[in-house]
Amino acid sequence: MQITNVNATLHRIPIEAPLLKEKIWTSVLFAAIETDEGVTGYGLTRGSQRYGLREFIRRELAPFLRGKNPLETERVWQQLYKTFNPRGQTGMWSSAVSAIDIALWDIKGKHYNEPVWRLLGGAQNPVPSYITFGLKEYGNEQLAAVAKQLVVQGEHRLKMVVAVDPENPSVDAERVRLVREAVGEKVELMIDANYLFSFNRALELCKLVEPYGITWFEEPVYQNDAALLADLRRHTCIPIAAGQNEGHRFRHRELIVNRAVDIAQPNVCSVGGYTEAVKVAAMAQAFNLPIANGGGWPHHNMHLQAAVANGWRVEFHYVMWKIGEAIYKDPPGPDHGWVTLLETSGLGLEPRWDALKEYEEH
């Protein structure tokens with residue numbers, strides 16, 4: 001089998017969130033890899049630096065990949081790394097290779113007539129899931145109302161964004177209090193700062209919300225600074241999670257060996273695809289740490305979480321969850337805190353070509 005064509009397209013997709021009047025628009029990059037045996041694989045990554053991503057894939061990666069065997073995912077990944085990333089950079093390179101590697105694993109699964117989650121290891125199915133509902137756009141009353149609605153629907157693991165005002169953690173503490181009172185004590189509640197706090201403000205928020213039983217505090221400090229995260233862990237009883245936007249196993253190694261995290265968060269759409277993500281998962285397992293999906297894109301990350309024994313959570317971030325439902329036909333979804341992966345070969349994600357065409361950016 002040989003790769004015959006590689007293409008990347010950009011799409012800006014509108015999502016309607018509960019109780020919000022304005023739609024939330026999000027950009028994604030969609031990759032397609034064709035082969036001489038008629039098998040096509042599809043990958044995806046987030047849309048930051050999207051025009052550079054698209055041109056990098058079209059002008060540099062596509063010619064390089066033509067003629068290569070898509071089943072040799074480890075060989076291809078290493079060739080891409082040595083050829084296009086000699087300085088070990090992350091950012092755009094990791095995002096582009098994530099989309100490519102995901103598509104290659106989709107091809108591999110279709111070729112062997114197995115789902116990707118089983119080819120990667122097949123450790124568990126179904127997998128625990130959670131809903132990221134708590135968007136910054138919500139007012140306090142809206143936030144509590146949406147949380148309560150999800151609990152009524154049977155979901156019992158919820159995450160909300162904090163750092164609404166990075167210099168005033170009391171604003172977030174009040175929002176956390178309202179959500180906890182709305183959902184009760186038995187519902188798991190996570191918070192995510194998207195690394196917007198200084199160390200002092202993150203610690204202040206920890207002390208304010210510790211009484212509310214937080215399952216984890218995600219990416220609390222600037223740049224995922226490993227030294228600061230390690231120090232924060234020593235000063236709070238709230239578990240620390242980080243890594244969703246990190247490219248390469250090396251950045252995750254820094255977080256793990258410096259004891260900066262309780263939960264590692266490789267995201268296949270950012271870290272370099274499945275080929276790199278399973279290495280991070282194995283490294284975390286060697287340190288007796290679980291991995292949990294952060295950074296969204298559940299329909300791709302659920303395959304990693306199901307593949308490995310320390311896979312712990314699939315994140316159904318409301319916006320990215322609904323993007324998946326907009327561009328794929330009937331993908332798996334959360335059900336009372338669990339998601340059951342399909343037995344369909346590959347990723348089991350059939351594109352909605354009409355939607356991709358409608359929302360394509362040129």
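In the predicted model, Ser-94 touches Gln-89, Gly-247, His-248, Ser-270 and Gly-272, when residues up to four places away in sequence are not counted. Ser-94 belongs to helix α3, which spans residues 92–112. Its relative accessibility is 1%, and because buried means under 20% relative accessible area, Ser-94 counts as buried. One of the residues that Ser-94 touches is Gly-272; these two are 178 residues apart along the chain, yet their C-alpha atoms are separated by 5.0 Å.

Burial was also examined for a whole helix. Helix α11 covers residues 298–307, and 10 of its 10 residues are buried, so the helix is largely enclosed by the rest of the structure. The buried residues of α11 are Pro-298, His-299, His-300, Asn-301, Met-302, His-303, Leu-304, Gln-305, Ala-306 and Ala-307. An α-helix has 3.6 residues a turn, so residues three or four places apart point the same way. In α11, however, burial extends to 10 of the 10 residues.

Several features of the backbone occur in loops. Asn-125 and Pro-126 are joined by a cis peptide bond, with omega at about 10°. Pro-126 is placed in the loop between α4 (116–119) and β4 (127–134). A positive phi of about 50° is found at Asn-194, although this residue is not a glycine. Asn-194 sits in the loop that runs between β6 (188–192) and α7 (199–209), and its relative accessible area of 28% makes it partly exposed. Gln-223, likewise not a glycine, has a positive phi of about 55°. The loop that holds Gln-223 lies between β7 (214–218) and α8 (226–234). With a relative accessible area of 61%, Gln-223 is exposed.

Open spaces were considered next. Rolling a probe the size of a water molecule over the atoms shows where empty space is left. The largest pocket has a volume of about 600 Å³. Its lining consists of 27 residues, of which Thr-26, Asn-194, Gly-295, His-317 and Met-320 are the closest to the centre. Asn-194, the loop residue with a positive phi of about 50°, is thus one of the residues closest to the centre of this pocket. At least two residues of the lining come from each of β2 (24–35), β5 (157–161), β11 (311–317) and α12 (318–327). Strand β2 gives the most, with four residues. By chemical class, the lining of the largest pocket comprises seven nonpolar, 13 polar and seven charged residues.

The second largest pocket holds about 150 Å³ of space. It is lined by Pro-18, Ile-131, Phe-133, Tyr-138, Val-146, Gln-149, Leu-150, Gln-153, Glu-155, Tyr-318, Trp-321 and Pro-334. Elements β4, α5 (140–152) and α12 each contribute at least two residues to this lining, and α5 gives the most, with three residues. Nine residues of the lining are nonpolar, two are polar and one is charged. Helix α12 also supplies at least two residues to the lining of the largest pocket.

Enclosed spaces were examined as well. Across the whole structure, a search finds two cavities of 30 Å³ or more. The largest cavity contains about 40 Å³ of space. Its lining is formed by Pro-115, Met-302, His-303, Pro-332, Leu-341, Leu-342, Thr-344, Gly-346, Leu-347 and Gly-348. Among them, Met-302 and His-303 are buried residues of α11. The lining of the largest cavity includes six nonpolar and four polar residues, and no charged ones.

The second largest cavity contains about 30 Å³ of space. Leu-44, Trp-297, Pro-298, His-299, His-300, Met-320, Gly-324 and Tyr-328 line this cavity. The elements that give two or more residues to its lining are α11 and α12. The largest share, three residues, comes from α11. Five of the lining residues are nonpolar, three are polar and none is charged. Met-320, which lines the second largest cavity, is also among the residues closest to the centre of the largest pocket.

How values were computed: Residues are numbered from 1 along each chain as its sequence is written. This is a predicted model: local features need pLDDT of at least 70, side-chain atom pairs count only at pLDDT 80 or more; totals for chains, interfaces and linings use all residues. Side-chain values use heavy atoms; hydrogens and water are left out. Buried means under 20% relative accessible area, exposed over 50%, partly exposed in between (1.4 Å probe, protein chains only). On a 1 Å grid over the protein atoms alone, a cavity is a set of points where a 1.4 Å probe fits but cannot get out, and a pocket is an open set with protein on both sides within 12 Å along at least five of seven lines; lining residues have an atom within 4 Å of a point. Grid points are joined across faces, edges and corners, and a volume is the space filled by probe spheres set on the points. Ala, Val, Leu, Ile, Met, Phe, Trp, Tyr, Cys and Pro count as nonpolar, Asp, Glu, Lys and Arg as charged, and the others, Gly among them, as polar. Contact means heavy atoms within 4.5 Å.
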